[in-house]
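Reader: I've got the sequence and the model open side by side. Could you walk me through the helices and the odd backbone spots?

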Amino acid sequence: MKPSSSSAAPAPAAPGEPAEGALSSRAGLFNGIAAYSMWGLVPLFWPLLMPSGAGEILAHRMVWSLVVVGMVLVVLRRWSWAGELIRQPKRLALVTVAAAVITVNWGLYIWSVNNNHVVEASLGYFINPLVTIAMGVLLLKERLRPVQWAAVGTGLAAVLVLAFGYGQPPWISLALAFSFATYGLVKKKVNLGGVESLAAETAIQFLPALGFLLWLGARGESTFGTEGGGHAVLLALTGVVTAVPLVCFGAAAIRVPLSTLGLLQYLAPVFQFALGVLYFKEAMPPERWAGFGLVWLALTLLTWDALRTARTNRARAAELAAQLPQAQAQAPAPLAASASASVEEAPGPEIVATTEDPAPRP
C-alpha cells in the first residue's frame with residue numbers, strides 16, 4: 001500500500017552502513033544456505049548411529065524431534081494453532097497422512113544411507129521437482145508450458161537410462177521422490193507453518209515411536225544406553241538434526257524470495273551426491289553418469305523456464321505500476337482503488353519447486 005502523506009519517511013542509512021533490508025536479505029540467504037547444506041551433509045550423521053538399525057534410529061528421530069520442536073514453540077510462544085487444528089477433523093486427518101508419508105520417507109532415507117545407497121538417495125531429491133510437476137498435472141489438472149513438458153520428458157528418459165544402468169528401476173530414488181512429493185501435496189492443503197507442522201506430525205508419530213522403542217528395550221534389542229553414553233547422546237541429537245535446519249529454513253523463507261529458495265534447494269542433493277561418490281566411494285559407471293546428466297539437464301530446463309517466467313511477471317507488474325498514475329487520474333475513485341489493488345496483487349516470480357512450506361528433509 002502507498003503510505004499516506006502524513007506518514008514519516010524512513011531515515012536514510014548512514015554512509016557505508018548497509019540498509020536494514022539488505023541485512024535482512026543477507027541473513028535470509030545465509031540461513032537458506034545453512035539449512036540446505038545441513039540437509040545435504042546429513043548422510044555423514046546417520047552412519048554414526050550404527051549399530052542401531054534404521055527402525056530404531058527413525059523412532060528416536062520422531063521422539064526427540066517432538067522434544068526439540070516443543071522447546072522451540074515454548075520459546076516462540078506459538079500454541080494457538082494447536083487448538084484450531086484439533087477442532088478441524090479433516091485437517092487433522094491430513095496431518096496424520098503427512099506424518100505417515102514422511103515416516104516412510106525418513107525411514108527409507110536412513111536405511112539407504114546406512115546401506116551404501118547415498119547416490120541413489122540423492123537422485124530421489126534431484127527428481128523430486130519433476131515428480132511434483134507430474135503429480136500437479138495428473139492430480140490437480142495443472143497445465144504445463146512447453147519447456148516444462150520437455151523437462152518432465154527428459155526426466156522420464158533419465159529414469160529409463162538409470163533403470164538400464166542399475167538393472168532395475170531406481171526404486172529407492174522413485175520411492176523417496178514420490179513420498180516427498182506426496183508429502184508436499186498434503187502439506188499444501190494443511191497450510192501449517194514449518195515448525196508447527198513438524199510439531200503436529202511428530203506428536204502423531206510420538207506414541208507409536210515410543211512404543212516401538214519400549215518394545216525393543218523389552219526384547220533386549222535396544223542400543224540406547226547399551227552402547228555407551230556417547231551413542232545415547234547421538235540418538236538424542238536426531239531431534240536437533242531434524243529441527244535446526246527447519247528453523248533456519250523458516251528464517252530464510254521470510255527474508256528471501258521463494259525463487260531464491262527454489263534454487264538453493266538443489267544444494268542438498270548436490271552435497272549428497274558428492275558425498276556418495278567422493279566420501280562413500282559408491283560406484284558410478286558410465287550409464288549412471290548418463291542418467292544423472294539427463295536429470296541435471298531436465299532441472300536446468302526447469303530452472304531456466306522458472307527464471308524467465310519470473311522476469312516476465314516482474315515486467316508485467318512494472319508495466320501496471322507505470323500505467324497506474326494515469327489510470328487513477330482518469331478513473332473514478334472506486335476504479336482507481338481497484339487499479340491500485342491489481343498492481344499490488346500482480347503475480348510474483350514462479351519458483352522452481354514447491355517451497356511454500358518445507359518438508360522436514362532427510
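**Helix lengths, packing and loops**

Author: Let's start with a length check on helix H13 (residues 267-279), where helices (H or I, at least four residues) and strands (E, at least two) are DSSP runs numbered from the N terminus. The expected span is 1.5 Å times one less than the number of residues. At 1.5 Å a residue, the 13 residues of H13 should span 18 Å, and its end C-alpha atoms are 17 Å apart, which agrees.

Reader: Before we go on, what kind of model is this, and how are residues numbered?

Author: Residues count from 1 along each chain as its sequence is written, and side-chain values use heavy atoms, with hydrogens and water left out. The model is predicted: local features need pLDDT of at least 70 and side-chain atom pairs count only at pLDDT 80 or more, while totals for chains, interfaces and linings use all residues.

Reader: How many helices and strands are there in the protein?

Author: Buried residues (under 20% relative accessible area; exposed is over 50%, partly exposed in between, with a 1.4 Å probe and protein chains only) make up 44% of the 362 residues. Among contacts (heavy atoms within 4.5 Å) between residues at least 6 apart in sequence, 86% join residues at least 24 apart. As for the count you want, the protein has 15 helices and 0 strands.

Reader: Back to H13: which exposed residues does the face turned away from its buried side carry?

Author: Ala 268, Pro 269, Gln 272, Phe 273, Leu 275 and Gly 276 are the buried ones in H13. They cover an arc of only 160° around the axis (taken from the directions from the helix axis to the C-beta atoms), which puts them on the same side of H13. An α-helix has 3.6 residues a turn, so residues three or four places apart point the same way. The face turned away from that buried side carries Leu 278 and Tyr 279.

Reader: What is the phi of Lys 281, the residue that follows H13?

Author: Lys 281 is in the loop between H13 and helix H14 (286-330). At 64% relative accessibility, Lys 281 counts as exposed. Most residues other than glycine have a negative phi, and most peptide bonds are trans. Lys 281 is not a glycine, yet its phi is positive, near 60°.

Reader: Where else does a residue that is not a glycine have a positive phi of about 60°?

Author: Look in the loop between H4 and H5. The residue there is exposed, with a relative accessible area of 53%. Its phi is positive, about 60°, and the residue is Asn 116.

Reader: And Asn 115, how far apart in space are Asn 115 and Pro 47?

Author: Asn 115 lies in the loop between helix H4 (89-114) and helix H5 (118-126). With a relative accessible area of 34%, Asn 115 is partly exposed. Asn 115 and Pro 47 are 68 residues apart in sequence, and C-alpha to C-alpha the distance is 9.1 Å.

Reader: Which residues does a cis peptide bond join?

Author: Go to the loop between helix H1 (20-41) and helix H2 (54-76), where Pro 51 sits. The bond has an omega of about 20° and joins Met 50 and Pro 51.

Reader: Which residues does Thr 154 contact, leaving aside its neighbours within four places in sequence?

Author: Thr 154 belongs to helix H7 (residues 146-166), and with a relative accessible area of 14% Thr 154 is buried. Thr 154 and Leu 301 are 147 residues apart in sequence but 9.4 Å apart in space, C-alpha to C-alpha. Leaving those neighbours aside, the contacts of Thr 154 are Leu 294, Leu 297, Ala 298 and Leu 301.

Reader: Now packing: which way does H6 cross H8, left-handed or right-handed?

Author: Axes are lines fitted to C-alpha atoms, for helices over the stretch in contact, and angles run from 0 to 180 degrees between N-to-C directions. Helix H6 (residues 128-140) and helix H8 (residues 171-190) pack at about 55°, with axes 9 Å apart. That makes H6 oblique to H8 (under 35 degrees is roughly parallel, over 145 roughly antiparallel, 65 to 115 roughly perpendicular, the rest oblique). With left-handed meaning that the near helix is turned anticlockwise from the far one by less than a right angle, and right-handed clockwise, the crossing is right-handed.
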